[in-house]
Amino acid sequence: MTLDTANAPLVLTETLTSAPFNFIVAIRHPETVISLHEQQTALADLFRSIDAQTDRRFAVYVACNPEQILPEHGPYVHRVNVDIPPNTQMAKAKTLEELYELFRNDKGSRVAAALDVIDRDAYVMIVDDDDFVSSRIVEFVLSQQGERTGWLVDKGYSWTTGSGALYEVDGFHRLCGTSVVAPARYYKYVRKQGSTRDGIQELGGHRAVVDNARRNKLTFQPLPFRGAIYRLGHSNASQADVQRLTANGKGPKKPTLVERGIGKVSRALTGATVEEGPKIRIDHPIEIETDLMREFFGRKAT
C-alpha cells in the first residue's frame, strides 16, 4: 500500500499523521465502472464539495487501485493505493444478502487501507464517491470535541444529476453511506488486521457500526442540520444490481410474527434500535439557490 499526496506514490512509514477530521473515499476498481467520464465528473464534484469546508482541519484519503485516475485536487487529498481485484461477482449475485456482502467486503477492504493511516482518536467520515457533504460538518464536529460522540446525518437531501431541485430526506442514514461521522476507534477494525471479516464488513456498510457502538455504550447523536446529498440518476450507481434482484423476486422477505418478536427481544437486550426512514419528501422540491450551492456544491448558483 502506498500513500500519494501528489501523483508520485510515497512509501508509508509506521508513523501515523492525521488531521482531527478525515474523509475516506473508497473507489471501486476501474474495470467495474460503466462510465469513466461520469466517475471523473462525480469525483471532481465531491472534491469541490469537501473543499468548501469552513474549517480547514481536515484531510481526504482516497483508497483506490494504482491505475485509478483522479481529477485535479488540492493538497488535502491523499491517495492510498490498494491491490484489490475487480469485484465482478456482484453482477452474478443471486440474492440481496449475497450482493450486499460482496459490496461490503470490497468497499470495507478499501476503507481499511485508508483507516490504517488515521489516528484512532481522529474523526472519520466515509463518503461515497458520488455524493456531496455540507460545508459545515468539520467545523461543527470539531467544535463539539467535549462530547466525543459519533454523529449521524439523520437529515439530508436527495438529488438527481442535472436537476435544479433537492428533496428533503429524513432518516437519511438509513438510505445513504455518506452519513456517519465517528472517532476511528468506534469501528471494530484494528489497524493492519485486514483479515478480520466482521471489521471489514462493518467498514463496508453504514448501519452496523451504529448498533455495534451502542451495544458497547458508545454514543451517536444526530447532526442538527441537513448534512449530505445522496446523488441519483447516473450510470455508475450501484443500485442497478439491487433493482435486478428485486425485480426477480430475490428481495428480502417480510419477517414473520415470531421473527419480529425475536428481533424486539434482541434489541431490548443489546440496546440496538429500529429507526424510521428513509422518508423522501417528493412532494416538496427545494430549488438549489445560492446558499445551497455554496454549502454542498462548493460554488455559486448560475
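**Close-up views of a predicted model**

**View 1. Phenylalanine 225 and its surroundings in the loop between strand S12 (220-222) and S13.** In this predicted model, phenylalanine 225 is buried, because its relative accessible area is 10% and the threshold for that label is under 20%. When residues up to four places away in sequence are not counted, phenylalanine 225 touches Ser134, Arg136, Ile137, Phe140 and Lys155. One of these contacts involves a charge and a ring: arginine 136 lies over the face of phenylalanine 225, at 4.3 Å from the ring centre. Another of the residues touched, phenylalanine 140, is 85 residues apart from phenylalanine 225 in sequence, while the two C-alpha atoms are 10.0 Å apart in space.

**View 2. Strand S13 (residues 228-232) with its pairing partners S7 and S9.** Strand S13 is largely enclosed by the rest of the structure, because 4 of its 5 residues are buried. Strand S7 (residues 132-133) runs antiparallel to S13 and is joined to it by 2 bridges, with alanine 228 in S13 serving as the bridge partner of valine 133. Strand S9 (residues 155-160), by contrast, pairs with S13 in the parallel sense over 4 bridges, and here isoleucine 229 in S13 is the bridge partner of tyrosine 157. The ring of tyrosine 157 also has a charged group over its face, that of arginine 226, at 5.7 Å from the ring centre.

**View 3. Two tilted aromatic pairs, Phe21 with Phe23 and Phe132 with Phe297.** The structure holds 10 aromatic pairs. In one of them, phenylalanine 21 and phenylalanine 23 are 4.9 Å apart from centre to centre, with 50° between the planes, and the pair is classed as tilted. Both phenylalanine 21 and phenylalanine 23 are buried. In the other pair shown, the rings of phenylalanine 132 and phenylalanine 297 have centres 4.6 Å apart and planes at 50°, so this pair is likewise tilted. This second pair links distant parts of the chain, since phenylalanine 132 belongs to strand S7 and phenylalanine 297 to helix H8 (residues 290-297), 165 residues apart. Phenylalanine 132 counts as buried because its relative accessible area is 1%, and phenylalanine 297 counts as buried because its relative accessibility is 4%. Phe21 and Phe23 also belong, together with Phe58 and Tyr76, to one aromatic cluster.

**View 4. The largest nonpolar core, with valine 60 among its members.** In soluble globular proteins, nonpolar side chains tend to be buried together. The largest nonpolar core has 34 residues, of which Phe21, Phe23, Val60, Val62, Met125, Ile137 and Val141 touch the most other members. At least two residues of this core are supplied by each of strand S3 (21-26), helix H1 (36-51), strand S4 (58-64), strand S6 (123-126), helix H3 (137-143) and S13. Helix H3 contributes 5 residues, the largest share of this core. Valine 60, leaving aside its neighbours within four places in sequence, is in contact with Phe23, Val25, Ile50, Tyr76, Val77 and His78. Apart from this core lies another, of 32 residues, among them Ala59, Val80, Leu115 and Val180.

**View 5. Glycine 199 in helix H4 (residues 197-204).** Glycine 199 is buried, because its relative accessible area is 1%. Not counting residues up to four places away in sequence, glycine 199 touches Lys188 and Tyr189. Glycine 199 and asparagine 105 are 94 residues apart in sequence, and the distance between them in space is 9.7 Å, C-alpha to C-alpha.

**View 6. Cysteine 64 and cysteine 176 in the setting of the whole chain.** Cysteine 64 has a relative accessible area of 0% and is therefore buried, and cysteine 176, at 0% relative accessibility, counts as buried too. The structure holds 0 disulfides. In the protein as a whole, the secondary structure comes to 8 helices and 15 strands, and buried residues make up 48% of the 302 residues. Of the contacts with a separation of 6 or more, 77% are accounted for by residues 24 or more positions apart.

Definitions and conventions. Residues are numbered from 1 along each chain as its sequence is written. This is a predicted model: local features need pLDDT of at least 70, side-chain atom pairs count only at pLDDT 80 or more; totals for chains, interfaces and linings use all residues. Side-chain values use heavy atoms; hydrogens and water are left out. A disulfide is a pair of cysteine sulfur atoms within 2.5 Å. Buried means under 20% relative accessible area, exposed over 50%, partly exposed in between (1.4 Å probe, protein chains only). Two strands pair if DSSP finds at least two bridges between them. Rings of Phe, Tyr and Trp (its six-membered ring) pair if their centres lie within 6.5 Å; planes under 30 degrees apart count as stacked, over 60 as edge-to-face and the rest as tilted. A charge sits over a ring if NZ of Lys or CZ of Arg is within 6 Å of the ring centre and within 35 degrees of the ring normal. Contact means heavy atoms within 4.5 Å. A nonpolar core is a set of buried Ala, Val, Leu, Ile, Met, Phe, Trp, Tyr and Cys residues joined through side-chain atoms within 4.5 Å.
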